[in-house]
Amino acid sequence: MRMQGNPVSGGIGIGPVLTYRPVLPPVRERFVEKGQTEEERERYRAVIKELMGDLRKLSSSKDAGGQMAIFETHAELLADPATMESVFDLIDGGICAEWAVHIAFLHFADLMRDSDNAITRERSADFEDLRRKLLCRLSGTKQQDLSHLEEACVLVAEELLPSDVAALDAPKVNAIVTERGGATSHAAILARSLGIPMLMQVEDCTGKLLPGETVIVDAREGFMIARPGATELLLYTGKQKDWLRDRQEAVDSRFQPARTQDGEDVSLMLNVGGEVPMPDEVAACGGVGLLRSEFLFLERSAPPSEEEQFSHYRAVLAACVGKPVTLRTLDVGGDKTVPYLNMRQEENPFLGLRGLRLCLAQPELFRTQLRAALRASVFGPMQIMFPMVGSIEEFEQAKRFVEAVKEELVQEGHHFRRNMPVGVMIEVPSLALMGEELAQAVDFASIGTNDLCQYLNAADRMNDGVASYYDPCHPALWRLIASLGKAFSRAGKSLCICGEAAGSPAFMAAAYGLGISSFSMGLASIGPSKRALRVLNAKKLRREAARLPKMSTSEEVRRLLMEFANGEPLGL
């Protein structure tokens, strides 16, 4: 029996089914007397303190390539005054702590689930996760232990929450299959970081699969086979061995040079979220090509102070021990909303007040971030990059803002790097078409393929209904990449690609052939990219890539990229 699903973490897994059915304690609607409300408040405080301690231990774990840092977000949600007040208000209304937690966290999860934005909807799982943890601790309920499994298995569940994945005895989980969830959920991110193949949205898998029966999960092609025959089992056992070997080779390649077959070095950088990179992450790359500062601003009730931002940027620079760090200034709007910034509801937020536009509209917010970044610049080679820039005039306006902040810092006696490079993220077509002029105006630039592709194709990348129109193989994108590569090469300026497509070795190879000098990607893509480079001849690559901007259909582009992929999945 073959069952289709959405592959969110690639690979092949074979093993007996282990069905996971989490226990959610029944919530008894218990009223309390007025004199007992403080006792219920104290019960909640005690559980919060205990749980926050456990979450912060998890968040500092080096497992999963630093992705456990998402549990710091969970701790912040618990500490958020709005969350605390919601529970306390319900308790003060005369109900027990369990009932108050159930109502408050279910309300927050429902608000997320009802959002028009796909990423926000998937964040509802974080509130569900916290609700379950709090109710279990308040009631003393124990969950099925996934941290010590007796044998290797394929884990099957209706849905896995982030803490479920974090608790896994990962070496014994050959694959994960769930009925619900999406590629950008925290559970999927953790599975990818742990290297566990994962299929989501497999209809009624908990009902159709029997505990203990053998299944094959192909999380590259997007299906699973229940009760396979001997021939299928033999075939996929071989495929699994090949995949495991390739995965190990990719991991081993992380610390090798990023160099082509004919000796050309390529700059591979790391995309970093709200966490400080680990030493092994820094050792694997040439620096941080994209430091997403917005993570400091999310999931809180007020913006981070100058000192808080300064401390974080300094910590990242210290961790990178002299390697360059590119800080992207605050990039919210679109799929990232921040309530305390009083951002008005927009019919099309991806085309609204976001990125640099928002910073220029809220100058005090922008000024605070620039002060923190400039002060941190004395601790390492930092450069600042502005997102969502539509014109050279807009860039010049932001640059004047930087100069004004420098004057402030001089007057106050602060030290900073006077010649810190300032650049832009190219993701708006109007700016991308000004390549020659842009290369003269900026110190460097990065191409954000996610937004540039969606704006070129007029296809919302979060909308499943137009997913086929969001096409990284569209010839228009490659004509822009080629023209930008030429313009920046002639100007002697660095041009990087830092969108998700940079993690595809075939996309990276083609873009390098068109003059792109640097690529920034997730840690999991560093090893495969280095391995791909070792078999590529740069001179031949340039000859072949020169055909791309002359092509007229996506199919032509895709065929050539498949040649660059050398039999690997294209990943686009």
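This passage describes a barrel, the helices packed on its strands, and one buried cysteine. The model is predicted; local features need pLDDT of at least 70, side-chain atom pairs count only at pLDDT 80 or more, and totals for chains, interfaces and linings use all residues. Residues are numbered from 1 along each chain as its sequence is written, and side-chain values use heavy atoms, with hydrogens and water left out.

In the barrel, 8 strands close in the order E9-E10-E11-E12-E13-E14-E15-E16, with parallel pairing. The twist from one strand to the next averages 30°. Strands (E, at least two residues) and helices (H or I, at least four) are DSSP runs, numbered from the N terminus. Pairing requires at least two bridges found by DSSP between two strands. Strands E13 (residues 422–426) and E14 (residues 444–447) run parallel and are joined by 3 bridges. Met 425 faces Ser 446 of E14.

Helix H21 (residues 523–533) packs on the sheet. It touches strands E9 (267–272) and E16 (518–521), and makes about 165° with the direction of E9. Helix H12 (residues 306–319) lies across strands E10 (288–292), E11 (325–328) and E12 (382–386). Its angle to E11 is about 155°. Axes are lines fitted to C-alpha atoms, for helices over the stretch in contact; angles run from 0 to 180 degrees between N-to-C directions. Contact means heavy atoms within 4.5 Å.

Cys 359 belongs to helix H13 (residues 356–361). Its relative accessible area is 1%, so Cys 359 is buried (under 20%; exposed is over 50%, partly exposed in between; 1.4 Å probe, protein chains only). Beyond its neighbours within four places in sequence, Cys 359 contacts Leu 330 and Phe 366. Val 332 is 27 residues from Cys 359 in sequence, and their C-alpha atoms are 9.3 Å apart.
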